[in-house]
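Please load the model in your viewer, show it as a cartoon, and keep the selection panel at hand. The stops below are meant to be followed in order.

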Amino acid sequence: MGQTKAWKLGVGVKYGVDVVTDIVINQPIEVVSNYATDPDHAAEWYVNIHAAEWKTPKSLAIGSQIAFKANFLGRELTYVYEIIEYEPQRKLVIKTVTGPFPMETTYTWKDLDESHTRIILRNKGIPTGFSKLFTPFMSTMMKRQIIKTYRR
C-alpha cells in the first residue's frame, strides 16, 4: 500500500469543512483510478460506506448519480452523489444532490512513475441540521475516516 504524505484540514469561511489528504499507492494510475471511481467498490474500501446503488444507468459520466449508505457520527446516513466533472485517470468531482449536508468530493490522481500513483482527496462542505453542531470537529472526524480508508 502507500503512506500518507500530507494533511490539510480546517474549518473555513466559505466551507464549514474542508479536508485535503493525499497518499501514494504502489499501483499504476489506471489500476488506482479505475478502482476508486467504481462505486461498486466503495463498500470495500471506504470504512464508513456499507452500500452503493446506481440511480442512473451504470456508466461513469457527468450526470451519473449513485446513492450511498454510510455510518458517520454514530448515525446511518443516506445520500446521493452526482458526478459533476470527470477526466478518466486524472480527476473526478462528485457533489451531493440529497443527504444530510451539502458536500463536494474531488479525487485527483497523479502518475508518479509506472507503479506509483498519488491520490489527492478533497472533501468540502457545509454541515446543516444535526451535523451543524459538529462543524468544529467535523474535519478531524473526516480525517480519521480517511486515514482508516487509506489503510484499507
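Select strand 2 together with strand 8, and you will find, in this predicted model, that the two pair in the antiparallel sense over 9 bridges. Two of these contacts can be picked out by residue: Val 24 has Arg 118 of strand 8 as its bridge partner, and Val 20 is matched in strand 8 by Arg 122. Now keep strand 2 alone, residues 17-25, and display its surroundings: 8 of its 9 residues are buried, so the strand is largely enclosed by the rest of the structure.

Next, return to strand 8 and add strand 7, which runs antiparallel to strand 8 and is joined to it by 10 bridges. These two strands form a hairpin with 2 residues between them, and beside the turn you can select Asp 113, whose bridge partner in strand 8 is His 116.

Move on to Glu 114, which has its place in the loop between strand 7 (103-113) and strand 8 (116-125). Is Glu 114 buried or exposed? Its relative accessibility is 78%, and because the cut-off for exposed is over 50%, Glu 114 counts as exposed. Extend the selection to Glu 30, Asp 111 and Asp 113, which gather with Glu 114 in a patch of negative charge on the surface.

For the last stop, select Ala 67 in strand 4, which covers residues 65-72. Ala 67 has a relative accessible area of 9%, and it is therefore buried, since buried means under 20%. Finally, add Gly 99: from C-alpha to C-alpha, Ala 67 and Gly 99 are 9.5 Å apart in space, while 32 residues apart in sequence.

Definitions and conventions:
Residues numbered from 1 in each chain as written. Predicted model: local features only at pLDDT ≥ 70, side-chain atom pairs only at ≥ 80, totals over all residues. Heavy atoms only, no water. Patch = residues over 30% accessible without salt bridge, like charges linked within 9 Å, V, L, I, M, F, W, Y side chains within 5 Å. Areas by Shrake-Rupley, 256 points an atom, 1.4 Å probe, with all protein chains shown as cover. Salt bridge = Lys/Arg side-chain N within 4 Å of Asp/Glu carboxyl O. Lys, Arg positive; Asp, Glu negative; His and termini not counted. Charge placed at Lys NZ, Arg CZ, Asp CG, Glu CD. Helix = DSSP H or I, 4+ residues; strand = E, 2+ residues; numbered from the N terminus. Buried < 20%, exposed > 50% of the residue type's maximum accessible area, 1.4 Å probe, protein only. Pairing = 2+ DSSP bridges.
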